[in-house]
Amino acid sequence: MKLVLLASLVFLGSSVVASSDPTPIVMWHGMGDSCCNPLSMGSVKKLLEKRIPGVYVVSLKIGDTIADDTANGFFMDVQEQLEMVCAKLGNDTALQNGYHAMGFSQGGQFLRGIAQKCPQPRMKRLISVGGQHQGVYGFPHCPGPWWICREVDKLLNMGAYTDFVQSRLVQAQYWHDPLDEEKYRKKSRFIGEINQEGTIRPEYKTNLLKLANLTLIKFTKDSMVTPRESEWFGFYKPGQDKELMTLQENPALWDEDRLGLRQLSEEGRLEFLAVEGDHLQVPEKVWLDEIIPRLKD
């Protein structure tokens, strides 16, 4: 999902605040975007470099080319992407003392997967900008090329939880059907797995608790993510698709604390930030007052 940047980024980049030895930043783009789009991730990278002098910024590219990067956001198995990124981070000597991470849309839950599965090098802070941490139950807009969107529709219509589709379509791997929670728990290859819906892996909680801070940004008028409450770990109550429940009402994630989110919250390390606007429309005030300060040491 492409990042919508305001022209105000030019203004923001004009004012520089000095810092020494800033923590590196790793970013992961959303569906339909790429690492280096000058109107989205490229602009964010330049903004961070101007506002945090000397910072090392990595905008992840999944594949050898920009075209590969965009296509892999639709058709490359998410677990394979996580393994690839974990290896990249481990081989980057500039990251060995730790890094901050910022994920946009699906990049938000992908980077949480990295935090849970790839503890070295250490992720210090994670900012999820419109990430869908309980998955989605709807696909209202497709921001990719027409031929990719046609293939996505075709595969979802075949059945999101079929082995064929789960192994081939990224968005199916975070599809969450509240009308069939049992099938979701059994078949989801990514979002169900990292949310501890099936096999419980204690290291996922241990690793996520290594974060100094987790910030979840939800867009109050998001027309891309269904339901938008997923951006704060909320979702539909099981068995229907009308009534919602918050993270704090989720027995597995809150009462059992399978991921450590309740502990993070109790220790003041879990933040919920509401941003007025549609998907990934980040006002300049939010960049200046909320996001950039969280990426500084």
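The following legends describe close-up views of a predicted model.

**View 1. An open sheet of six parallel strands.** The strands are arranged in the order β2-β1-β3-β4-β5-β8, and their pairing is parallel. At the edges stand β2 (57-59) and β8 (270-275); each has a single partner strand, so one side of each lacks a neighbour in the sheet. On average, neighbouring strands of this sheet are turned by 15° against each other, direction ignored.

**View 2. Strand β4 and its two partners in the sheet order, β3 and β5.** Strand β4 (residues 123-129) and strand β5 (residues 213-219) run parallel and are joined by five bridges. Within this pairing, isoleucine 127 is placed opposite threonine 215 of β5. Strands β3 and β4 also run parallel, with six bridges between them. Phenylalanine 104 has valine 129 in β4 as its bridge partner. Because five of its seven residues are buried, β4 is largely enclosed by the rest of the structure.

**View 3. Helix α5 across the sheet strands β1, β3 and β4.** Helix α5 comprises residues 106-117 and lies across β1 (25-28) as well as β3 and β4. Relative to β3, the helix runs at about 145°.

**View 4. The surroundings of histidine 100 in strand β3.** Strand β3 spans residues 99-104 and includes histidine 100. With a relative accessible area of 1%, histidine 100 is buried, because this value falls under 20%. Its side chain makes a polar contact of 3.2 Å with the side chain of aspartate 297. Leaving aside residues up to four places away in sequence, histidine 100 touches Thr23, Pro24, Ile25 and Val26, together with Lys124 and Arg125. The remaining residues that histidine 100 touches under this restriction are Arg294, Leu295 and Asp297.

**View 5. The disulfide of cysteine 35 and cysteine 36.** The model contains two disulfides, counted by sulfur-to-sulfur distance. In the disulfide shown here, the sulfur atoms of cysteine 35 and cysteine 36 are 2.4 Å apart. The angle about the S-S bond is -90°, and the link is left-handed. Cysteine 35 is buried, at 2% relative accessibility, whereas cysteine 36 has a relative accessible area of 44% and is partly exposed.

**View 6. The disulfide of cysteine 86 and cysteine 118.** The S to S distance between cysteine 86 and cysteine 118 is 2.1 Å. The disulfide is right-handed, because the torsion about its S-S bond is about 85°. Cysteine 86 belongs to helix α4 (residues 78-91) and cysteine 118 to the loop between α5 and β4, so the pair ties together parts that are 32 residues apart in sequence. Cysteine 86 is partly exposed, with 24% relative accessibility; cysteine 118 is buried, at 4% relative accessible area.

**View 7. Two separate nonpolar cores.** The largest nonpolar core consists of 54 residues. Trp28, Ile114, Met123 and Leu261 have the most contacts inside this core. A second core, separate from the largest, has 24 residues, among them Met27, Leu47, Ile52 and Val55.

Terms used. Residues are numbered from 1 along each chain as its sequence is written. This is a predicted model: local features need pLDDT of at least 70, side-chain atom pairs count only at pLDDT 80 or more; totals for chains, interfaces and linings use all residues. Side-chain values use heavy atoms; hydrogens and water are left out. Helices (H or I, at least four residues) and strands (E, at least two) are DSSP runs, numbered from the N terminus. Buried means under 20% relative accessible area, exposed over 50%, partly exposed in between (1.4 Å probe, protein chains only). A polar contact is a pair of N or O atoms within 3.5 Å; within protein, one must be able to donate a hydrogen and the other to accept it, and residues adjacent in sequence count only if both atoms are side-chain atoms. Contact means heavy atoms within 4.5 Å. Two strands pair if DSSP finds at least two bridges between them. Axes are lines fitted to C-alpha atoms, for helices over the stretch in contact, and angles run from 0 to 180 degrees between N-to-C directions. A disulfide is a pair of cysteine sulfur atoms within 2.5 Å. A nonpolar core is a set of buried Ala, Val, Leu, Ile, Met, Phe, Trp, Tyr and Cys residues joined through side-chain atoms within 4.5 Å.
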